[in-house]
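Got your viewer open and ready? Take this tour one selection at a time, and turn the model around as you go.

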Amino acid sequence: MRRDSLFFHADFRRLWAGDTASQVGAFAGHTVIPLLAATVLAATPFQMGLLTAAETIAFLIIGLPAGVWVDRMRRRTLMLRADFVRAALLLSIPVAWWAGVLSLTQLIVVATLVGTATVFFDIAYQSYLPALVGREHLLEGNAKLQASQSVAFLAGPGVGGGLVQLVGAANAVLTTGLGFLTSALFLLRIRTVEPEPERHEDTKLLPQIVEGLRFVFTDTTLRSIVACTATANLFNGAFAAVQILFLNRELGLSPAAVGLVLATGGVGGITGAIFANAITRRIGQARSIWLVPLVTWPFYLLLPLAAPGWRIILFPAATMIAGFGIIVYNVAQVSYRQAVCPDRLLGRMNASVRFVVWGMLPLGGLLGGVLGEAIGIRATLWVAVAGETAALLWVVFSPLRQLRDLPKEPVAVG
């Protein structure tokens with residue numbers, strides 16, 4: 001192992017460990033809280049929909065101003081506050097349960113506020129990484145952080161479900177909150193001194209939001225990446241709306257088998273994170289953004305061909321290969337965004353991108369629900385995977401195709 005590897009960077013290891021704990025807590029919570037609502041509070045389907053929307057609505061409501069606030073503060077401090085807030089909010093649920101006053105309204109409020117804190121944490125850690133490890137290590141750093149996210153995606157739901165089985169749904173919420181406290185403890189041990197945030201003469205919110213949006217959408221390459229990710233997320237939201245129904249009703253899988261099949265995407269993601277750095281070094285960072293999706297994302301088209309019998313294998317196989325490609329793409333494009341963005345704009349750039357691409361997920365979910373009712377589950381799946389595959393055209397027919405590698409220094413902002 002090279003001595004300049006981030007494995008030997010003590011403060012990055014602390015950030016990595018803290019982010020891993022935070023991600024596992026978040027993904028476990030996404031399983032535990034809905035289970036609590038469904039099994040203990042007997043929530044209706046409409047109420048479950050409200051609870052699900054509450055977990056991500058913050059990206060649409062405060063995603064853009066959050067970027068401005070992140071740029072005005074030290075990022076590690078903001079991440080610590082987000083972790084402590086999320087832990088305290090989750091602690092309130094078992095306390096209310098023990099007191100006999102827990103309600104669905106409290107769950108929805110807690111989910112919304114936890115989602116709000118997550119917006120700040122996620123924007124802050126992506127903006128903090130360049131200052132911590134230097135721009136020359138962004139690819140390696142993002143690959144390791146993406147590996148953590150993939151592990152959390154794979155393990156979090158299982159951890160959450162197991163905790164509900166062992167200690168009960170309300171008590172399981174307490175244990176998931178410990179993940180955020182663990183994250184904070186690791187972040188507290190980081191010794192690297194973060195630079196003082198640059199002072200802005202104009203303290204008005206709107207002009208600074210517009211500056212972040214302008215940076216994202218006036219850069220042709222960055223605009224293509226955002227369009228690709230947003231399009232993929234729109235159709236991924238539609239896919240997510242019907243995939244459980246497809247696996248359970250069309251393929252006849254049991255709930256346990258459904259969970260196992262869905263986990264294969266996490267396996268592909270972990271593999272992609274492990275090899276992302278080597279792939280980008282071998283073929284170039286620019287090519288990783290368009291060529292890897294071109295080779296892997298079309299495997300999505302195998303998903304609707306799955307059927308009872310031997311063809312069931314098409315679903316996990318396609319999910320694993322496409323999941324591999326998604327993570328390599330994410331590592332390369334996130335590293336590019338961080339490398340070309342000036343430090344003073346990192347928070348607003350990340351917030352602008354997340355506002356657009358994450359905002360597509362709930363819209364896609366609505367699209368999938370409407371199509372599922374109108375044309376059926378399998379036909380909706382065809383629409384979703386065709387849209388996800390076509391999303392890669394944004395980067396294939398972009399300036400990236402003419403490049404091998406990407407700039408390693410921030411671009412000038414006029």
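## First stop: leucine 206

Begin by selecting leucine 206, which sits in helix H8. Keep in mind that what you are looking at is a predicted model. Is leucine 206 buried or exposed? Its relative accessibility is 60%, and the bar for exposed is over 50%, so leucine 206 counts as exposed.

Now add leucine 64 to the selection. Along the sequence, leucine 206 and leucine 64 are 142 residues apart, yet from C-alpha to C-alpha they are 9.4 Å apart in space.

## Over to helix H3

Leucine 64 is a handy way into helix H3, so select residues 63-71. This helix is mostly covered, with eight of its nine residues buried. Which residues of H3 are buried? They are Gly63, Leu64, Pro65, Ala66, Gly67, Val68, Val70 and Asp71.

## Zoom out

Time to show the whole chain. You'll find 15 helices and zero strands. Of its 414 residues, 53% count as buried. Try drawing contacts between residues at least 6 apart in sequence: 86% of them join residues at least 24 apart. Switch on the surface, too. The accessible surface of the chain comes to about 17700 Å², and carbon and sulfur atoms account for 68% of that.

## The nonpolar cores

Next, select Ile289, Trp297 and Phe315. In the largest nonpolar core, which has 48 residues, these three touch the most other members. To see where this core draws its residues from, color the helices that give two or more: H8 (205-218), H9 (220-250), H10 (255-283), H11 (285-296), H12 (314-340), H13 (346-375), H14 (377-390) and H15 (393-396). Which of them gives the most? That's H9, with eleven residues.

There's a second, separate core to visit as well. It holds 31 residues, and Leu15, Leu80, Tyr128 and Leu145 are among them.

## Along H9 to asparagine 233

Stay with H9 for a moment and pick asparagine 233, which has its place in this helix. Its relative accessibility is 17%, and the cut-off for buried is under 20%, so asparagine 233 counts as buried. What does asparagine 233 touch, leaving aside its neighbours within four places in sequence? Select Val357, Trp358, Met360 and Leu361, and you have its contacts.

## A look inside: the cavity

How many cavities of 30 Å³ or more are there? The count comes to one. The largest cavity has about 30 Å³ of space in it. To frame it, select Tyr125, Gln126, Asn142, Leu145, Gln146 and Val334, which line it. Helix H5 (104-133) and helix H6 (138-167) each give two or more residues to this lining, and H6 gives the most, with three. Color the lining by type and you'll get three nonpolar residues, three polar ones and no charged ones. You may recognise Leu145 here: it lines the cavity, and it also belongs to the second core.

## Last stop: threonine 175

Finish in helix H7, residues 169-188, where threonine 175 has its place. With a relative accessibility of 29%, threonine 175 counts as partly exposed, because that class lies between the 20% and 50% cut-offs. Now select leucine 90 alongside it. Threonine 175 and leucine 90 are 85 residues apart along the chain, and their C-alpha atoms are separated by 9.0 Å.

Technical notes:
Residues numbered from 1 in each chain as written. Predicted model: local features only at pLDDT ≥ 70, side-chain atom pairs only at ≥ 80, totals over all residues. Heavy atoms only, no water. Core = buried A, V, L, I, M, F, W, Y, C linked by side-chain atoms within 4.5 Å. Buried < 20%, exposed > 50% of the residue type's maximum accessible area, 1.4 Å probe, protein only. Helix = DSSP H or I, 4+ residues; strand = E, 2+ residues; numbered from the N terminus. Contact = heavy atoms within 4.5 Å. Areas by Shrake-Rupley, 256 points an atom, 1.4 Å probe, with all protein chains shown as cover. 1 Å grid on protein atoms, 1.4 Å probe; cavity = no way out; pocket = protein on both sides within 12 Å on 5 of 7 lines; lining within 4 Å. Points joined across faces, edges and corners; volume = space filled by probe spheres on them. Nonpolar A, V, L, I, M, F, W, Y, C, P; charged D, E, K, R; others polar.
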